[in-house]
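Trainee: Please take me through one part of this model in detail. I would like a close look at the salt bridges and what surrounds them.

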Amino acid sequence: MLVPTGRLVVHVLAGEDSRGLDLRVSATELHHLGLTEGRWMSPAVLGNDAGVLSKPLHEASVAYGGALAGYATVAHGGGLRYAYAHPTYAFTVVGTAFLAGTSSAENDNLYTVFGLRARAERRYFSGAPFVAVGAGLVGELALQSVRRKDASELAQTGYPIEERYRAGAVGPELFVNLRTTVGGTSFFGAELAAVFPFAPVAGQLQAFPRLEGALYAGLGF
């Protein structure tokens with residue numbers, strides 16, 4: 001068969017011997033397909049993607065959202081994501097950056113949090129839209145800046161007006177997202193995640209759990 005440049009998935013519906021065959025083509029050329037080529041796929045999985053020829057293997061997206069609790073009462077920030085995806089599962093690497101702040105009668109606290117996440121997810125209803133649930137491991141670097149509100153009085157005493165701290169944190173996360181596609185390769189969605197990082201405080205590990213919500217958009221290729 002002659003196939004165009006790109007990546008195609010050929011579906012062979014044959015009862016218990018149903019198969020899906022990935023074709024990667026760098027230029028228009030002739031491919032001879034054998035009846036036993038490809039990998040076994042259930043008729044239900046093939047039926048979900050009936051009529052879909054191209055299936056993206058790589059996904060890149062950007063996200064923006066907010067968080068409740070954790071290092072501060074509220075936080076907001078964004079992330080960059082790359083996923084190696086199949087119709088029913090995906091493995092994702094995420095880089096994030098968040099800003100958060102708290103204020104007391106004595107101090108103003110500003111947090112800048114950089115994170116790296118590794119995720120695995122299971123996808124259901126692989127058409128559009130679909131739902132995914134998954135878990136991951138979160139590593140973070142939290143930078144804290146503490147500034148005294150009585151800075152004008154302290155300036156004459158020699159005490160520090162502003163102090164800076166940093167700490168690393170690591171922990172698990174659980175998430176669920178809802179996604180739909182636009183034009184076959186573009187997609188956007190919403191996500192809800194519970195994150196449980198642990199950071200050393202006064203020589204002991206302390207949990208800083210938070211709830212995150214985000215909107216994201218990206219492209220499959």
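Mentor: What follows starts with the salt bridges and then moves to their surroundings.

This is a predicted model, in which local features need pLDDT of at least 70, side-chain atom pairs count only at pLDDT 80 or more, and totals for chains, interfaces and linings use all residues. Residues are numbered from 1 along each chain as its sequence is written, and side-chain values use heavy atoms, with hydrogens and water left out.

The structure holds 12 salt bridges. A salt bridge here is a side-chain nitrogen of Lys or Arg within 4 Å of a carboxyl oxygen of Asp or Glu. Eight residues deserve the close look: Arg81, Arg117, Arg119, Glu140, Glu173, Glu191, Arg210 and Glu212 are linked in a network of salt bridges.

Take Arg81 and Glu191 to begin. Their side chains meet in a salt bridge, at 3.1 Å from N to O. Arg81 lies in strand β7 (residues 74-85) and Glu191 in strand β12, so the pair ties together parts that are 110 residues apart in sequence. Strands (E, at least two residues) are DSSP runs, numbered from the N terminus; helices are likewise DSSP runs (H or I, at least four residues). Arg81 counts as buried, at 13% relative accessibility. Glu191 is buried too, with a relative accessible area of 9%. Buried means under 20% relative accessible area, exposed over 50%, and partly exposed in between, with a 1.4 Å probe and protein chains only.

Now Glu212. This residue forms a salt bridge with Arg117, and the closest N and O atoms are 2.8 Å apart. The pair links distant parts of the chain: Glu212 is in strand β15 (residues 210-220), Arg117 is in strand β9 (residues 107-124), and they stand 95 residues apart. Both Glu212 and Arg117 are buried. Glu212 also pairs with Arg210, again with the closest N and O atoms 2.8 Å apart. Arg210 is buried, as is Glu212.

Two small residues touch members of this network. Ala193 sits in strand β12. At 1% relative accessibility, Ala193 counts as buried. Leaving aside neighbours within four places in sequence, Ala193 is in contact with Arg119, Glu173, Leu174, Phe175, Arg210, Leu211 and Glu212. Contact means heavy atoms within 4.5 Å. Four of the network's members, Arg119, Glu173, Arg210 and Glu212, appear in that list. Ala193 and Leu174 are 19 residues apart in sequence, yet their C-alpha atoms are 5.6 Å apart in space.

Val94 is the other. It is found in strand β8 (residues 89-103). Val94 counts as buried, at 4% relative accessibility. Beyond neighbours within four places in sequence, Val94 is in contact with Leu80, Arg81, Gly115, Leu116, Arg117 and Arg119. Of these, Arg81, Arg117 and Arg119 belong to the network. Val94 and Gly79 are 15 residues apart in sequence and 6.6 Å apart in space, C-alpha to C-alpha.

Next, the surface. Leu68, Val74, Tyr124, Phe125, Val133, Val176, Leu192 and Leu211 form a nonpolar patch there, with about 730 Å² of accessible area together. Patches are made of residues with over 30% relative accessible area and no salt bridge; like charges are joined within 9 Å, and nonpolar side chains (Val, Leu, Ile, Met, Phe, Trp, Tyr) within 5 Å. Accessible areas come from the Shrake-Rupley method with a 1.4 Å probe, and for residues only the protein chains shown count as cover. One patch member, Leu192, lies in strand β12 (residues 186-195). Leu192 is partly exposed, with a relative accessible area of 45%. Strand β12 therefore carries buried Glu191, partly exposed Leu192 and buried Ala193.

Two alanines stand out by their backbone. Phi of Ala69 is near 70 degrees, a positive value in a residue other than glycine. Ala69 is found in strand β6 (residues 58-69) and is partly exposed, with a relative accessible area of 40%. Ala202 has a positive phi of about 55 degrees, although it is not a glycine. Ala202 is found in the loop between β13 and β14 (204-207). Ala202 is exposed, at a relative accessible area of 80%.
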